[in-house]
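Reader: I've got the structure open and I'd like to learn how to read its strands. Could you walk me through a few of them?

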Amino acid sequence: MEEDESTTPKKKSDSQLNLPPSMNRPTVSLESRINRLIDSNHYHSPSKPIYSDRFIPSRSGSNFALFDLASSSPNKKDGKEDGAGSYASLLKTALFGPVTPDKSDVVNGFSPSGNIFRFKTETQRSLNLYPPFDSDVVTGVSPSPVKSPRKILRSPYKVLDAPALQDDFYLNLVDWSAQNVLAVGLGNCVYLWNACSSKVTKLCDLGVDETVCSVGWALRGTHLAIGTSSGTVQIWDVLRCKNIRTMEGHRLRVGALAWSSSVLSSGSRDKSILQRDIRTQEDHVSKLKGHKSEICGLKWSSDNRELASGGNDNKLFVWNQHSTQPVLRFCEHAAAVKAIAWSPHHFGLLASGGGTADRCIRFWNTTTNTHLNCVDTNSQVCNLVWSKNVNELVSTHGYSQNQIIVWKYPTMSKLATLTGHSYRVLYLAVSPDGQTIVTGAGDETLRFWNVFPSPKSQSRESEIGALSFGRTTIR
């Protein structure tokens with residue numbers, strides 16, 4: 001008799017587990033169980049973390065396209081990236097920019113000369129080596145902030161009356177000492193103005209038959225040289241207000257003076273330059289001849305090795321400490337050369353300016369005897385001076401604009417053009433801290449301008465001196 005299949009229960013297979021019907025587990029054979037016990041050291045439950053001493057390659061960072069291999073990325077489903085993959089792609093783009101041939105090695109961590117697979121334990125290059133967010137900054141160079149142009153006040157902060165200040169291109173009647181005292185030649189007198197206290201002192205009166213043609217401070221600022229219309233040079237001790245020496249030698253007026261330590265150079269209308277050592281009894285130790293007309297400009301280099309002279313013969317000469325003939329002759333100017341300035345920043349760099357028929361500022365390398373540059377200012381160049389704090393210089397001008405210009409070297413771009421004088425600006429001097437200039441003109445005024453920045457480091461004394469300037473107009 002056959003058994004009814006619907007009523008007779010079936011014999012369970014040994015390969016099946018006695019589990020509830022709701023759990024759909026795959027069948028596990030007895031042979032599998034035995035093999036699992038044998039290989040128990042190598043089998044781990046998928047629900048437990050895997051700890052292994054092997055290096056597991058991470059193929060997600062590999063560039064399969066280089067080898068024509070298909071990538072089986074688990075992050076792509078039906079041609080679309082999942083959320084994690086999209087985020088990773090956006091993050092790479094933000095950090096490294098669009099993937100280009102130059103950046104592919106960085107983004108994918110792949111080196112063409114290395115293996116196709118990159119292990120997880122590989123040392124990663126620091127992301128700080130690469131500029132973030134599409135920056136154009138060169139790797140390894142920190143970006144410098146963009147500096148805004150320095151603001152230079154276009155008006156003087158102080159104006160002083162200077163009655164009888166001569167309107168003569170060939171004279172040098174204003175100089176500023178290291179002790180912060182301004183010396184000014186007015187007619188036949190010399191006055192001292194203390195920039196710290198604003199005190200005015202009358203140093204001397206030459207008399208009705210003589211006038212002051214030039215003034216020049218010694219380097220320490222305790223002695224003042226005065227060139228006169230009669231051809232003499234007087235040395236004054238300003239602390240005692242006493243004339244300690246009068247030196248002869250010139251036949252005509254002395255319009256230019258320049259100090260070098262204990263040596264004083266004087267230039268005259270008699271076309272000669274006298275070198276005077278104030279430590280000796282002689283009036284002069286040597287006589288320099290070469291100019292064919294009046295000497296109107298004299299300047300020693302910052303190292304006191306070279307003396308530059310300019311004359312009404314349109315010539316610029318350079319002398320050394322021992323020569324009696326010029327060692328360098330520059331003849332490119334087309335008018336009198338009064339404006340002369342040595343750069344304190346570049347050895348052997350000399351600037352000179354020509355008069356009305358020339359109107360040019362020229363630059364020379366005295367070590368190689370070369371003409372470097374020429375700038376047409378469209379106006380008579382009366383004075384030149386370099387800033388000791390920054391690589392800039394100031395020029396003052398006469399016909400026809402009577403302006404003051406601040407230049408950036410070597411581009412010679414104009415930083416500022418200052419106006420205010422109604423006559424040509426014939427006189428110029430710089431304060432000891434290098435920030436302020438004073439200009440004088442035939443309009444019988446002295447005007448003070450803040451044109452240069454402060455030095456990187458200043459002593460407390462110089463700070464006090466700078467702060468002591470009154471910022472009020474006292475005319």
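**Reading strands and sheets**

Author: Sure. Keep in mind that this is a predicted model. Let's begin with one pair: strand S23 (residues 349–354) and strand S24 (residues 360–365) run antiparallel and are joined by 5 bridges.

Reader: Which residue in S24 is the bridge partner of leucine 349?

Author: That's asparagine 365. Zoom out and you'll see an open sheet of 4 strands, in the order S22-S23-S24-S25, with antiparallel pairing. Its edge strands, S22 (337–342) and S25 (370–376), each pair on one side only. On average, neighbouring strands here are turned by 20° against each other, ignoring direction.

Reader: Okay, and what about side chains in a strand?

Author: As a general idea, side chains in a regular strand alternate between the two faces of the sheet. Now look at strand S11 (residues 223–228).

Reader: Why is S11 largely enclosed by the rest of the structure?

Author: Because 5 of its 6 residues are buried, and buried means under 20% relative accessible area.

Reader: Which strands does S11 pair with?

Author: Strand S10 (residues 212–217) is one of them, running antiparallel to S11 with 5 bridges. There, valine 215 stands opposite isoleucine 226. Strand S12 (residues 233–237) also pairs with S11 in the antiparallel sense, again over 5 bridges, and leucine 224 has tryptophan 236 as its bridge partner.

Reader: How many residues sit between the strands in each hairpin?

Author: The S10–S11 hairpin has 5 residues in between, and glycine 221 in that turn has a positive phi of about 80°. For S11 and S12 there are 4, with glycine 231 in the turn at a positive phi of about 100°.

Note on methods:
Residues numbered from 1 in each chain as written. Predicted model: local features only at pLDDT ≥ 70, side-chain atom pairs only at ≥ 80, totals over all residues. Heavy atoms only, no water. Pairing = 2+ DSSP bridges. Helix = DSSP H or I, 4+ residues; strand = E, 2+ residues; numbered from the N terminus. Axes fitted to C-alpha atoms, helices over the stretch in contact; angles between N-to-C directions. Buried < 20%, exposed > 50% of the residue type's maximum accessible area, 1.4 Å probe, protein only.
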